[in-house]
Amino acid sequence: MARCTQLPAWQVLQEHQWEIARQHMRDLFSADTQRFERYSIRLDDLLFDYSKNRITDKTLEHLFELARQVGLQEKITAMFRGDKINNTERRAVLHTALRNRSNRPVLVDGVDVMPGINRVLEQMRIFSNAIRSHEWRGYTGKPISDVVHIGIGGSDLGPKMVVKALTPYCRPELKVHFVSNVDEADLVETIKNLNRETTLFIVASKTFTTQETMTNALSAREWFMAGVDGKEAIAKHFVAVSTNAEKVEAFGIDTKNMFEFWDWVGGRYSLWSAIGLPIAVAVGMENFELLLTGAHKVDEHFRTEPLESNIPVLMGLLGIWYNNFFGAQTQAILPYDQYLDFLADHLQQADMESNGKSVDIEGKRLDYDTGPVIFGQAGTNGQHAFYQLIHQGSKLIPCDFLAAARSHHHLGGHHEALLSNFIAQTEALMRGKTTEEAKVELVAEGVPEDQLDMLAMAKTFPGNKPSNSFLYQSLDPETLGVLIALYEHKVFVQGSVWNINSFDQMGVELGKQLAKTVLKDMTGDESVTSHESSTNGLLNYYKSLR
């Protein structure tokens, strides 16, 4: 298959970029009073406004043609069909099956996976209901008050983000905590005020061998057993999300309380699976299923909608436009919702672990840029941190803004102030402020003429900074499912254009492998000489401080 950079549409886009680079969005809006109506899409109550982008109809035509030339629609079909598109690990990619609310058969190696998915969902329902109804009790007969989820990466970020986002749907008397870092401070600070009699741990590790997760799980078990007589109590306070029944049982967990997931579920796409067990416990299985429903709605949209009106396709292609034709290296995720404070963290992994690749699916080295650096923070806090760089810095940073029209709370004036900033920031990034406009303002303020030029330049905003806006009625479980799935499919679109495997993560492994060797070298007092000078020096200095 020809590289994307060799396709006719890519060559046309390179030429077209020169034309667009000379145009300002101010002028595009002035010339077209219907620009918002033409460049926005509604999916139920969600509005996706992409009108504040450096695009024209020609730009979109060329981007859609690029999508056709890379066979995007065929790749979408292959993923939903269960083809083994994760070619390095020879696996299907079927996180979409986990939220397949239509219950249509989905085949992997000729076997329908839906009965197994439905079985685990029912197991999750029974367990989460038992915790929430106080039917499940600890070894002394007291109900569970605190659930500690131990995982890392996709087994931590997704569930943690969702539980925080759906805080208004949680019960205050049932607290869900997350521990991921092997740094002991994470576990110690989480459990130090908990009661052993009323605490339950969920240990999430597919193999039950993940170093960070199992180190934390073993320490949690040690903490628990310090105040308990008899190992049989472990079964009342530990459950597992894993596929390794032997190791789960050896840990002391009753395998009846082991929740299964499958190798066609990538970690960063796993919150829809039993990895989402803490979500079901926190908000109830009904709300977890609404989360699945929202994601399934997007799956159907992505699978069936024409390219021209397909929101994840547009998100992905606009990212390609800035990444590969304008040299943008980053993407900002800016939710104007404190409950979405962990959204950027989750999307960092979903995007950067998926598309942080430098070889294509055939193993050939790439000569073009792939995934951007994802960062962000909840508004309005981010405005007082890094927006200065976005507005007046020398880098082009495309931004996604997200907000709900309705708040879960009713403090007078707060939500209106929040939403006014959400809308104003997109306008400011697009419009900017010319030097002449700045001078008029300064003159009106009485600024002396000898300072006018200098201050006017400092107050000039170039504008022409692209952004997408997502506006929806409220942040409920279904809407959250919609938002997460939109970004998952955006990542797939971009990986498809770049012809990379978005579903393996080989880059995670090398440091973990070397850490095992380094850990052995840390024991003993003898000087280490088996590495190059820097690693030897760090190890030996650590030993001297120890």
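## A sheet, its helix and the empty spaces

Let's start with one pair of residues: Asp 49 has Ser 469, in strand E13, as its bridge partner. The model you're looking at is a predicted one. That bridge belongs to a longer story, since strand E2 (residues 46-49) and strand E13 (residues 467-472) pair in the antiparallel sense over three bridges. If pairing is new to you, strands of a sheet pair through backbone hydrogen bonds, either parallel or antiparallel.

Now zoom out. E2 and E13 sit in an open sheet of six strands, and if you walk across it you meet them in the order E1-E2-E13-E12-E10-E11, with mixed pairing. Which strands stand at the edges? They are strand E1 (40-43) and strand E11 (373-376); each has a single partner strand, so one side of each is left without a neighbour in the sheet. As for the twist, neighbouring strands here are turned by 15 degrees against each other on average, direction ignored.

The sheet also has a helix packed on it: H21, residues 477-498. Helix H21 touches E1, E2, E13, strand E10 (330-335) and strand E12 (399-404), and its direction makes about 155 degrees with that of E13.

### Where the empty space is

Rolling a probe the size of a water molecule over the atoms shows where empty space is left. Do that for the whole structure and you find four cavities of 30 Å³ or more. Here are the volumes of two cavities and two pockets:

| Space | Volume |
|---|---|
| Largest cavity | about 80 Å³ |
| Second largest cavity | about 70 Å³ |
| Largest pocket | about 950 Å³ |
| Second largest pocket | about 470 Å³ |

Cavities first. The largest cavity has 13 lining residues, and those nearest its centre are Leu 318, Gly 319, Gln 331, Asp 400 and Asn 468. Helix H15 (311-325), E12 and E13 are the elements that give two or more residues to this lining, so you're back at strands from the sheet. Which element gives the largest share? That's H15, with four residues. Sorted by class, the lining of the largest cavity has six nonpolar, five polar and two charged residues.

The second largest cavity is lined by residues including Gly 319, Gln 331, Tyr 322, Lys 490 and Trp 498. Gly 319 and Gln 331 should ring a bell, as they also lie nearest the centre of the largest cavity, along with three others. For the second largest cavity, the elements giving two or more residues are H15, E10 and H21. Its lining splits into five nonpolar, five polar and one charged residues.

Now the pockets. Around the largest pocket there are 39 lining residues, with Lys 206, Thr 210, Gln 505, Glu 509 and Lys 512 nearest its centre. Three helices give two or more residues each: H10 (211-225), H16 (343-355) and H22 (509-522). H22 gives the most, with four residues. How many residues of each class line the largest pocket? The lining has twelve nonpolar, 17 polar and ten charged residues.

The second largest pocket has 21 lining residues, and the closest to its centre are Ser 407, His 409, His 414, His 415 and Leu 418. Helix H18 (residues 414-431) supplies the largest share of that lining, five residues. By class, the lining of the second largest pocket divides into eight nonpolar, ten polar and three charged.

Definitions and conventions. Residues are numbered from 1 along each chain as its sequence is written. This is a predicted model: local features need pLDDT of at least 70, side-chain atom pairs count only at pLDDT 80 or more; totals for chains, interfaces and linings use all residues. Side-chain values use heavy atoms; hydrogens and water are left out. Two strands pair if DSSP finds at least two bridges between them. Axes are lines fitted to C-alpha atoms, for helices over the stretch in contact, and angles run from 0 to 180 degrees between N-to-C directions. Contact means heavy atoms within 4.5 Å. On a 1 Å grid over the protein atoms alone, a cavity is a set of points where a 1.4 Å probe fits but cannot get out, and a pocket is an open set with protein on both sides within 12 Å along at least five of seven lines; lining residues have an atom within 4 Å of a point. Grid points are joined across faces, edges and corners, and a volume is the space filled by probe spheres set on the points. Ala, Val, Leu, Ile, Met, Phe, Trp, Tyr, Cys and Pro count as nonpolar, Asp, Glu, Lys and Arg as charged, and the others, Gly among them, as polar.
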